[in-house]
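Student: I've got a model open and I'd like to learn how to read its sheet and its helix packing. Can we walk through it together?

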Amino acid sequence: MFEALNERLSDVFDRITGRGVLTEADVDTALREVRVALLEADVALPVVKDFIAHARERATGEEVIRSVKPADQVIKIVYDGLVEMLGGEEPVPFNLNASPPVVVLMAGLQGSGKTTTSAKLALRLSKTERKKVLMASLDTRRPAAMEQLATLGQQIEVATLPIVQGQSAVEITRRALQSAKLQGFDVLILDTAGRTTVDEALMAEAAEIASISRPTETLLVADSLTGQDAVRTAKAFHERLPLTGLILTRADGDGRGGAILSMRSVTGLPVKFLGSGEKIDALDVFDARRVAGRILG
Ligand code: GDP
């Protein structure tokens, strides 16, 4: 991810670095090239516009032009702008502040990596945070999805709710809540039914499950390789579900990175984790500084 953007920005900065003096026109040209690079990386247009307007305001002032190393200042302004666009310096913590069982609701389109990510999160919470985790699949339409979660649970030694045929998603949710309470689980991860599109009936079902289970975190899992489609999906889900954050998968792929870069600004939601591979431990806490560093590094 971000290779092309990294290369483009390196070229832009190479052209201005080493020159003792920069005119306002030089800075303006560089920022225009940054704009094109961001658009080519598939960042949403309004996000790019805001970014450039803000950067231009800060970069074309006397302070930058007259500084000893103006190019460094421009690079710093772009870095700061990227960090801001990605949600700020401090990663938004994963919220487990509720009386147990703390419910985490996972939503997303089919194939986004939702079930794998549920297991990745369960592994992280049980290993790193030492939480006792229960996972339950609510995908009554796809028995294979339920079995997939059970298999992943066995692999990572995290409990899954026993599968009972013929129950509705709401019934499974109630059973999961009761089991988690009675058996003293700290966290309950609910893996909702995957959708092929933003489907109204399934969305209503997910909203009902959210109102019954009162999740502390409601996370949308989206495939970062789908670019602006992922951003549109997140917006549509957010209109129906009280999302608290996003997890973007396939950050290890060779996408342009536009979804990762646009998500926060377009939806207002923090990206909490990045999926970085097929392996079950490939889940990284989203850190805006690290991502901005990788883009400019
Ligand atoms: P779901 O239909 O949304 O539940 O998707 P799955 O969890 O079944 O994932 C679909 C495929 O994507 C599986 O082969 C996963 O191994 C793969 N996958 C999930 N997350 C990632 C990721 O972050 N990186 C890569 N490379 N593959 C992923």
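Tutor: Sure. Keep in mind that this is a predicted model. Let's start with one pair of strands: β6 (residues 245-249) and β7 (residues 271-275) run parallel and are joined by 3 bridges.

Student: Which residue in β7 is the bridge partner of leucine 246?

Tutor: That's valine 271. The general idea is that strands of a sheet pair through backbone hydrogen bonds, either parallel or antiparallel.

Student: What order do the strands take in the whole sheet?

Tutor: Read across it and you get β3-β2-β4-β1-β5-β6-β7-β8, 8 strands in an open sheet with mixed pairing. The edges are β3 (159-160) and β8 (283-285); each has a single partner strand, so one side of each lacks a neighbour in the sheet.

Student: Which helix lies across β2, β3 and β4?

Tutor: Helix α7, residues 143-156, and it runs at about 160° to β2.

Student: Is there an annotation around β7?

Tutor: There's one from UniProt, in an unreviewed entry: "domain: SRP54-type proteins GTP-binding", covering residues 270-283. In the model, that span is 43% strand and 0% helix, and its end C-alpha atoms lie 16 Å apart.

Student: Now the helices. How do I read a packing angle, say for α8 and α9?

Tutor: Look at the angle between the two axes, and then at who touches whom. Helix α8 (residues 169-182) packs on α9 at about 25°, with the axes 10 Å apart. Angles under 35 degrees count as roughly parallel, so α8 is roughly parallel to α9. Their crossing is right-handed.

Student: Which residues of α8 and α9 meet?

Tutor: From α8, Ala169, Val170, Thr173, Arg174 and Leu177; from α9, Glu205, Glu208, Ile209, Ile212 and Ser213. By class, that contact has 5 nonpolar, 2 polar and 3 charged residues.

Student: And what is the angle between α9 and α10?

Tutor: About 50°, with the axes of α9 (residues 200-213) and α10 (residues 228-240) 9 Å apart. These two are therefore oblique to each other, and α9 passes α10 in a right-handed crossing. Glu200, Met203, Ala204 and Ala207 of α9 meet Ala236, Phe237 and Arg240 of α10. That contact divides into 5 nonpolar, no polar and 2 charged residues.

Student: Where does α1 pack?

Tutor: Helix α1 (residues 3-16) packs with α12 (residues 288-296) at about 65°, their axes 7 Å apart. Leu5, Asn6, Leu9 and Phe13 of α1 make the contact with Arg294, Ile295 and Leu296 of α12. Here the count is 5 nonpolar, 1 polar and 1 charged.

How values were computed:
Residues numbered from 1 in each chain as written. Predicted model: local features only at pLDDT ≥ 70, side-chain atom pairs only at ≥ 80, totals over all residues. Heavy atoms only, no water. Axes fitted to C-alpha atoms, helices over the stretch in contact; angles between N-to-C directions. Helix = DSSP H or I, 4+ residues; strand = E, 2+ residues; numbered from the N terminus. Contact = heavy atoms within 4.5 Å. Nonpolar A, V, L, I, M, F, W, Y, C, P; charged D, E, K, R; others polar. Pairing = 2+ DSSP bridges. Parallel < 35°, antiparallel > 145°, perpendicular 65-115°, else oblique. Left-handed = near helix turned anticlockwise from the far one by under 90°. UniProt positions renumbered as here; feature names shortened; annotations may be inferred.
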